[in-house]
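User: I'm new to reading protein structures and would like some help. Could you take one helix and walk me through how its residues sit in the rest of the protein?

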Amino acid sequence: HQWAAAVSEKALLLDGDAHRLAVGLRRLQASAAQAAEAAGRQGAFLPEVVELVDLATPQKIASGDLGEVLRRETHGRVDVVKVDIDSFDCDIARALLDRVEAA
């Protein structure tokens with residue numbers, strides 16, 4: 001999370017469970033604070049965060065509402081994608097990269 005907090009303008013957090021999503025957001029905020037402290041800055045830089053409670057599937061990204069939200073929120077371009085699902089990461093990444101352009 002620390003690198004994302006340090007260099008991102010926008011972060012999209014997606015989880016099917018609202019509690020896990022909240023935990024992820026707190027971790028991102030803590031990482032931003034650590035990055036600011038390590039750089040000797042006062043106050044943490046936190047990217048704009050878009051939180052989505054939804055289950056990611058290749059189908060939802062390829063032709064569903066989730067894909068439209070991702071495209072709208074990223075303006076069709078991404079610099080970094082991190083997928084950690086523990087089951088079909090490659091299928092999710094492929095569907096996502098079919099919807100957005102890698103910068």
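Analyst: Here is a walk through helix α5, starting with the overall layout and ending with a smaller spot elsewhere.

Please keep in mind that this is a predicted model. The protein has five helices and four strands. Read from the N terminus, their order is α-β-α-β-α-α-β-α-β. Of the 103 residues, 32% are buried. If you take the contacts between residues at least 6 apart in sequence, 68% of them join residues at least 24 apart.

Now to the helix itself. Which residues of α5 are buried? They are Ile92, Ala95, Leu96 and Arg99. Looking down the axis of α5, you would find these buried residues within an arc of 100 degrees, so they line one face of the helix. Turn to the other side of α5, and you meet Cys90, Arg94 and Asp98, which are exposed. A nice detail for a beginner is that an arginine appears on each list: Arg99 is buried, while Arg94 is exposed.

What do the buried residues of α5 pack against? Their partners are α3, which spans 58–63, and α4. Isoleucine 61 lets you see this packing at the level of single residues. Leaving aside residues up to four places away in sequence, Ile61 touches Ile92, Ala95, Leu96 and Arg99, and also Leu66, Gly67 and Leu70.

Let's widen the view to the largest nonpolar core, which has twelve residues. Ile61 belongs to this core, as do Ile92, Ala95 and Leu96. The other members are Val50, Leu52, Ala56, Leu66, Val69, Leu70, Val78 and Val100. Three elements each give two or more residues to this core: β2 (48–53), α4 (65–74) and α5 (89–99). There is also a second, separate core of five residues, with Leu13, Leu21, Leu25 and Leu28 among them.

One last stop links residues from both of these groups. Aspartate 15 lies in strand β1, which covers residues 10–15. Not counting residues up to four places away in sequence, Asp15 touches Leu21 and Leu52, along with Arg20, Val53 and Asp54. Of these, Leu52 is part of the largest core, and Leu21 is part of the second one. The side chain of Asp15 also reaches the backbone nitrogen of aspartate 17, at 2.9 Å.

To recap your helix: α5 has its buried residues along one face, packed against α3 and α4, with Cys90, Arg94 and Asp98 exposed on the other side.

Methods:
Residues numbered from 1 in each chain as written. Predicted model: local features only at pLDDT ≥ 70, side-chain atom pairs only at ≥ 80, totals over all residues. Heavy atoms only, no water. Core = buried A, V, L, I, M, F, W, Y, C linked by side-chain atoms within 4.5 Å. Buried < 20%, exposed > 50% of the residue type's maximum accessible area, 1.4 Å probe, protein only. Contact = heavy atoms within 4.5 Å. Polar contact = N/O pair within 3.5 Å; in protein donor to acceptor, adjacent residues only side chain to side chain. Arc of directions from axis to C-beta.
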